[in-house]
Every structure is written in structure tokens, then in C-alpha cells.
Amino acid sequence: MDKAIKIERLTKKFGSFVAVNNISFEVPKGCIFGLLGPNGSGKTTTIKIICGVLRATEGYVEVLGKDASKYPEEVRQNIGYVSQKFSLYEDLTIEENINFYGAVYGLSKNEIETKKKQLVKLFKFEGREKSQVSTLSGGMKQKLAFACATLHNPQILILDEPTAGVDPISRKEYWEMIKFFSNSGVTVLVTTHYMDEAERCDVVAFMFNGILKEIDTPYNVKKKYMSDSIEDVFVKVFSE
Ligand SMILES: Nc1ncnc2c1ncn2[C@@H]1O[C@H](COP(=O)(O)OP(=O)(O)OP(=O)(O)O)[C@@H](O)[C@H]1O
């Protein structure tokens with residue numbers, strides 16, 4: 001099994017508080033990997049360390065075969081990251097945001113134009129290109145943040161609660177996009193509190209109080225906990 005991300009004995013402390021406690025796991029290449037857990041369990045902290053935004057206290061993170069602490073720039077070039085509080089410019093239009101992020105990622109004008117056409121079609125922004133972001137629905141904003149994160153053709157997409165507070169139709173569309181990129185060979189690491197979304201993952205990992213409690217396919221964890229839904233597994237894992 002080829003791995004996109006390898007995490008070994010990762011620990012992150014904030015002062016004396018242990019936010020991530022000696023966790024190890026691997027994310028296979030091309031899979032949709034769901035990182036699940038209640039609020040404050042250490043998911044975002046783990047993601048920030050993978051993306052090189054935070055430094056680990058202890059442990060090792062490898063992204064596409066590279067030590068993330070030694071090659072943060074190369075790692076970042078291979079990751080498209082959508083954070084919980086994504087940084088779209090509200091006073092710019094859809095098109096202007098794509099232009100801006102394209103330039104940030106170092107794309108040429110021609111590359112940006114080509115990408116923009118593809119993304120507008122793929123994410124169904126046709127006719128809305130000139131709409132200011134502040135006028136968009138929450139679902140559209142999330143999709144735009146997703147689109148911008150794919151501009152530099154990253155091999156890994158890391159999406160931190162991308163569909164929080166989004167209506168069911170927009171969530172469905174969002175997951176169609178996740179599937180599209182996954183089918184194109186992109187590895188997706190996603191956190192979510194929606195258990196119907198967890199069911200769509202190839203692998204799910206459950207974190208609680210900084211500890212990795214379970215990791216397996218949805219089918220296998222349901223079998224282990226004798227449950228017919230990930231929601232039921234979630235309740236059982238976290239009430240143990
Ligand atoms: N910079 C920081 N300084 C101190 N404590 C922090 C810091 N960042 C995170 N924490 C704490 O670490 C713990 C894990 O936070 P984290 O954001 O990783 O959780 P999470 O699983 O992503 O939660 P959520 O689902 O709410 O996003 C929390 O108790 C949080 O308050």
C-alpha cells in the first residue's frame with residue numbers, strides 16, 4: 001500500500017496541555033480518509049502539523065515521502081488546504097479570488113485562465129463569475145474555497161470541516177467534487193461531524209482527547225462495533 005501521509009508517534013503540547021498524544025497512522029494514496037472526533041479532540045492540530053502550519057512537539061510526519069519538518073515548502077506545494085475559517089476575499093468576485101489565489105500559487109496568466117475555465121465549469125459557477133463573494137451562499141463560498149485549493153494541482157487535499165453549516169444539497173454537491181478529485185488520484189483527508197459523510201470515506205480514524213481510538217474502513221469498524229451506521233460506531237467509540 002503506497003502512502004501519501006505517514007504519521008509516527010506524533011505529539012503536540014500547548015504548554016502542559018497535550019492536544020495530540022502520541023498518534024501514529026498512515027493515509028493511503030488516492031483514498032478518502034475521514035478524521036472524526038468530538039470538538040477539541042486534536043483533529044485540526046494534527047492537520048496543521050501535516051500542513052507545516054504548526055510544529056510538532058515530538059514525532060515524525062512524512063508527506064509523499066518527504067519529512068514535513070525538513071521540507072515544509074515542498075510539502076505545502078503538494079497540499080491543497082481548506083481550513084475551517086477559509087480565507088476568501090469577501091469584497092472580491094469569484095473570478096478575482098481565483099485570479100488572486102492562482103497568482104499566490106505562482107501560476108502564469110495563461111495557466112490561471114485555463115484553470116479558471118475548468119473550475120468554473122466543474123464547480124458550477126457559470127454566470128456567477130462576477131458575483132462578489134459576500135453575496136454568495138455559505139455552500140457556494142465553501143465550494144469556491146475548495147476550487148481555489150485545487151488551483152496548483154495538489155496531490156493531497158486537506159479539508160477541515162468543509163461542509164460545516166452547509167445545507168444538504170450543497171453538501172451533496174461538495175462530496176461529488178471530493179469524489180471527482182479522488183477518482184483522479186488525489187488523496188483527500190477530510191474532517192467532518194456529519195456521519196453520512198463519514199460513511200463515504202474509504203478509511204475512518206476516530207480521535208478523542210488527542211488519542212487515536214480506532215482506524216479502519218467504515219465496513220470493518222461497523223462490523224467490529226456490531227453497528228449498522230458510523231453514527232452508532234461514533235457513539236460507542238466515544239462512550240467507552
Ligand atoms: N494554540 C493553541 N493553544 C492552546 N490550546 C490549543 C491551541 N490550539 C488548539 N488548542 C487546544 O487543543 C485541543 C484540540 O484542538 P483542535 O482544534 O485540534 O480540536 P478539533 O478536534 O479540531 O476540534 P473541532 O472539531 O472543534 O475543530 C483543544 O482543547 C484546543 O482548545
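Welcome to a short tour that opens at a hairpin: strand β9 (residues 203-208) and strand β10 (residues 211-216) run antiparallel and are joined by five bridges. The model is a predicted one, in which local features need pLDDT of at least 70, side-chain atom pairs count only at pLDDT 80 or more, and totals for chains, interfaces and linings use all residues. Residue numbers start from 1 along each chain as its sequence is written. Helices (H or I, at least four residues) and strands (E, at least two) are DSSP runs, numbered from the N terminus.

**The β9-β10 hairpin**

- Met207 has Leu212 of β10 as its bridge partner.
- Two residues lie between the strands of this hairpin, and Asn209 takes a positive phi near 50° there.

**The open sheet**

- Four strands make up an open sheet, in the order β2-β1-β4-β5, with antiparallel pairing; two strands pair if DSSP finds at least two bridges between them.
- β2 and β5 are the edge strands, each pairing on one side only.
- Strand β1 (residues 3-14) is joined to β2 by eight bridges, and the two run antiparallel.
- Across that pairing, Ile7 stands opposite Phe25 in β2.

**Around the ligand**

- Which residues are around the ligand? They are Phe14, Phe17, Ala19, Gly37, Asn39, Gly40, Ser41, Gly42, Lys43, Thr44 and Thr45, where near means a C-beta atom, placed from the backbone, within 6 Å of the molecule.
- β2 (17-28) and α1 (43-50) are the elements that give two or more residues to this shell.
- α1 gives the most, with three residues.
- By type, the shell holds three nonpolar, seven polar and one charged residue; Ala, Val, Leu, Ile, Met, Phe, Trp, Tyr, Cys and Pro count as nonpolar, Asp, Glu, Lys and Arg as charged, and the others, Gly among them, as polar.

**Helix α4**

- The 14 residues of helix α4 (residues 109-122) should span 20 Å at 1.5 Å a residue, and its end C-alpha atoms are indeed 20 Å apart; the expected span is 1.5 Å times one less than the number of residues.
- Lys115, Lys116 and Leu119 are buried in α4, that is, 20 or more other C-beta atoms lie within 10 Å of their own, while 12 or fewer would make a residue exposed and anything in between partly exposed, with C-beta atoms placed from the backbone.
- Those buried residues fall within an arc of 110° seen down the axis of α4, so they line one face of the helix; the arc is that of the directions from the helix axis to the C-beta atoms.
- The other side of α4 has Asn110, Lys117 and Lys121 exposed.
- The cover over the buried residues of α4 includes α3 (94-104) and α5 (138-149), counting contacts as C-beta atoms, placed from the backbone, within 7 Å.
- Lys124, just after α4, takes a positive phi of about 55°.

**Helix α9**

- Ile230, Val233, Phe234 and Val237 are buried in helix α9 (residues 230-239).
- They cover an arc of only 105° around the axis, which puts them on the same side of α9.
- β3 (32-36), α7 (195-199), β9, β10 and α8 (218-224) pack against the buried residues of α9.

**Positive phi in two loops**

- Leu64, in the loop between β4 (58-63) and β5 (66-67), has a positive phi of about 50° although it is not a glycine.
- Leu64 is partly exposed, with 19 other C-beta atoms within 10 Å.
- Met226, in the loop between α8 and α9, has a positive phi of about 50° and is not a glycine either.
- Met226 is exposed, with 9 other C-beta atoms within 10 Å.

Key
Contact = placed C-beta atoms within 7 Å.
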